[in-house]
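Got your viewer open and your selection box ready? Let's take a walk through this one, a stop at a time.

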Amino acid sequence: MIDGVKLNPIGFKIGFEVMARGRYKKAVEVPYTFRDRELGKSKFGQREVLQYIVQLGRVARDRFLRRK
């Protein structure tokens with residue numbers, strides 16, 4: 001599915017890259033239930049949102065320009 005595909009993940013968004021750039025015909029959703037954090041602090045914040053928007057723009061640009 002991703003053999004020979006150039007992935008360019010920013011931060012922890014590798015799943016987004018695989019879904020957006022992978023070569024597959026069918027996707028299956030697997031349910032997952034999140035639980036409350038027991039230890040540590042979330043890294044989610046404005047920086048993560050900005051990085052996601054940048055990554056989304058790169059994927060959209062590459063699709064528009066038909067880059068692999």
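Start by selecting Asp 62: at 8% relative accessibility, Asp 62 counts as buried. Keep in mind as you click around that this is a predicted model. Asp 62 sits in helix H2, and we'll get to the rest of that helix shortly.

**Stop 1: the partner of Asp 62**

What does the side chain of Asp 62 meet in a salt bridge? Add Arg 21 to the selection: the two side chains form a salt bridge, 2.9 Å from N to O. This pair links distant parts of the chain, with Asp 62 in helix H2 and Arg 21 in helix H1, 41 residues apart. If you prefer to draw polar contacts, the side chains of Asp 62 and Arg 21 are joined by one of 2.9 Å. Is Arg 21 buried or exposed? Arg 21 has 13% relative accessibility, so it counts as buried, because the cut-off for buried is under 20%.

**Stop 2: along H1**

Keep Arg 21 on screen and select Glu 17. These two make another salt bridge, and their closest N and O atoms are 2.6 Å apart. Both residues lie in helix H1, four residues apart, which is about one turn of the helix. As for why that spacing matters, an α-helix has 3.6 residues a turn, so residues three or four places apart point the same way. Check the surface around Glu 17, too: its relative accessible area is 1%, so it is buried.

Now show Arg 61 as well. Glu 17, Arg 21, Arg 61 and Asp 62 are linked in a network of salt bridges.

**Stop 3: one more bridge**

How many salt bridges does the structure hold? Five. One of them is between the side chains of Glu 48 and Lys 13, at 3.0 Å from N to O. Glu 48 belongs to helix H2 (residues 46-64) and Lys 13 to the segment before helix H1 (14-21), so this pair ties together parts that are 35 residues apart in sequence. Colour by accessibility and look at both ends: Glu 48 is buried at 18%, and Lys 13 is buried at 12%.

**Stop 4: the whole of H2**

Select all of H2. The helix has 19 residues and reaches 27 Å from its first C-alpha to its last, close to the 27 Å expected at 1.5 Å a residue. Which residues of H2 are buried? Highlight Glu 48, Gln 51, Gln 55, Val 59 and Asp 62. Turn the view until you look down the axis of H2: its buried residues fall within an arc of 75°, so they line one face of the helix. Part of what covers those buried residues is H1.

Then spin round to the face of H2 turned away from the buried side, where you'll find the exposed residues Gln 46, Leu 50, Ile 53 and Phe 64. Before leaving, click on Arg 66, which follows H2 and has a positive phi, near 60°.

**Stop 5: Leu 7**

Jump to Leu 7, in the segment before H1. With 25% relative accessibility, Leu 7 counts as partly exposed. Measure from Leu 7 to Val 59, C-alpha to C-alpha: they are 9.9 Å apart in space and 52 residues apart in sequence. What is Leu 7 in contact with, leaving aside its neighbours within four places in sequence? Show Ile 2, Ile 14, Glu 17, Val 18 and Arg 21; the last of these is the Arg 21 that bridges to Asp 62.

**Stop 6: Gly 22**

Next comes Gly 22, in the loop between H1 and H2. Gly 22 is buried, with a relative accessible area of 16%. Leaving aside neighbours within four places in sequence, Gly 22 is in contact with Met 1, Ile 2 and Glu 17. For a longer reach, draw a line from Gly 22 to Ser 42: 28 Å from C-alpha to C-alpha, for 20 residues in sequence.

**Last stop: the rings**

Finish with the aromatics, where the count comes to two pairs. Among them are Tyr 32 and Phe 34: their ring centres are 4.9 Å apart and their planes stand at 80°, so the pair is edge-to-face. Are these two rings' residues buried or exposed? Tyr 32 is exposed at 63% relative accessible area, and Phe 34 is exposed at 72%.

Note on methods:
Residues are numbered from 1 along each chain as its sequence is written. This is a predicted model: local features need pLDDT of at least 70, side-chain atom pairs count only at pLDDT 80 or more; totals for chains, interfaces and linings use all residues. Side-chain values use heavy atoms; hydrogens and water are left out. A salt bridge is a side-chain nitrogen of Lys or Arg within 4 Å of a carboxyl oxygen of Asp or Glu. Helices (H or I, at least four residues) and strands (E, at least two) are DSSP runs, numbered from the N terminus. Buried means under 20% relative accessible area, exposed over 50%, partly exposed in between (1.4 Å probe, protein chains only). The expected span of a helix is 1.5 Å times one less than its number of residues. The arc is that of the directions from the helix axis to the C-beta atoms. Contact means heavy atoms within 4.5 Å. Rings of Phe, Tyr and Trp (its six-membered ring) pair if their centres lie within 6.5 Å; planes under 30 degrees apart count as stacked, over 60 as edge-to-face and the rest as tilted. A polar contact is a pair of N or O atoms within 3.5 Å; within protein, one must be able to donate a hydrogen and the other to accept it, and residues adjacent in sequence count only if both atoms are side-chain atoms.
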